[in-house]
Amino acid sequence: VQLQASGGGLVQAGGSLTLSCAASGSVFSANTMGWYRQAPGAERELVADIESGGSTTYEDSVKGRFFISRGDTRNAVNLQMNSLKPEDSGVYYCKAEGLLLGVSPASLWGKGTLVTVSS
């Protein structure tokens, strides 16, 4: 099972980007899915996550600008990022927590996608 992420890129401050992530295969069922960000020299931090029931959590600096939603399937998640600022730049990682074969808890990380916001 792998997480495939896409949507990063270069954007000017004030612009928007949408990140998408989906888990391949049918043996994994995601409960919580989220996005983490790691800036150069900094630790990886939670940006936003969403539970299977729809509850969301946002890092304070992105509240009102970023919006997380589940995709078309249970194992997909999108992050709409608006009014981007240079400090939003970093490598964004998708994470999924759920069950393998309905039994074994598992956490998956996707390969990062780079977001660069120019001033």
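A residue counts as buried under 20% relative accessible area, as exposed over 50%, and as partly exposed in between. Keep that in mind for the loops of this chain, which is a predicted model.

**Overall build**

Reading from the N terminus, you meet β-β-β-β-β-β-β-β-β-β-β: the protein chain has 11 strands and 0 helices. Its radius of gyration is 14 Å, close to the 14 Å that the globule rule gives for 119 residues, so the chain is as compact as a globular protein of that length. Along the principal axes, the C-alpha atoms fill a box of roughly 45 × 25 × 25 Å. As for the interior, buried residues account for 36% of the 119 residues.

**A four-stranded sheet**

Strands of a sheet pair through backbone hydrogen bonds, in either a parallel or an antiparallel way. Here, 4 strands line up as β1-β3-β8-β7 in an open sheet, and the pairing is antiparallel. At the edges sit β1 (3-6) and β7 (66-70), each of which pairs on one side only. From one strand to the next, the twist averages 15 degrees.

Let's look at the β1 end of that sheet. β1 and β3 are antiparallel partners over 4 bridges. To find one contact by eye, start at alanine 5: its bridge partner in β3 is cysteine 21.

**Loop residues worth a look**

Most residues other than glycine have a negative phi. Two loop residues here go the other way: serine 83, with phi near 45 degrees, and leucine 101, with a positive phi of about 55 degrees. Valine 27 joins them in the table for its loop position.

| Residue | Loop | Relative accessible area |
|---|---|---|
| Valine 27 | between β3 (17-23) and β4 (28-38) | 36% |
| Serine 83 | between β8 (76-81) and β9 (90-100) | 40% |
| Leucine 101 | between β9 and β10 (104-109) | 67% |

So which of the classes, buried, partly exposed or exposed, does leucine 101 fall into? At 67% relative accessibility, leucine 101 counts as exposed, because the cut-off for that class is over 50%. Valine 27, at 36%, is partly exposed, and so is serine 83, at 40%.

**A nonpolar patch**

Which residues form a nonpolar patch on the surface? They are Val1, Val27 and Leu101, with about 270 Å² of accessible area together. Two of these patch members are already familiar from the table: Val27 comes from the loop between β3 and β4, while Leu101 belongs to the loop between β9 and β10.

Note on methods
Residues are numbered from 1 along each chain as its sequence is written. This is a predicted model: local features need pLDDT of at least 70, side-chain atom pairs count only at pLDDT 80 or more; totals for chains, interfaces and linings use all residues. Side-chain values use heavy atoms; hydrogens and water are left out. Patches are made of residues with over 30% relative accessible area and no salt bridge: like charges are joined within 9 Å, nonpolar side chains (Val, Leu, Ile, Met, Phe, Trp, Tyr) within 5 Å. Accessible areas come from the Shrake-Rupley method with a 1.4 Å probe; for residues, only the protein chains shown count as cover. A salt bridge is a side-chain nitrogen of Lys or Arg within 4 Å of a carboxyl oxygen of Asp or Glu. Helices (H or I, at least four residues) and strands (E, at least two) are DSSP runs, numbered from the N terminus. Buried means under 20% relative accessible area, exposed over 50%, partly exposed in between (1.4 Å probe, protein chains only). Two strands pair if DSSP finds at least two bridges between them. Axes are lines fitted to C-alpha atoms, for helices over the stretch in contact, and angles run from 0 to 180 degrees between N-to-C directions. The radius of gyration is taken over C-alpha atoms; the globule rule is 2.2 Å times the number of residues to the power 0.38.
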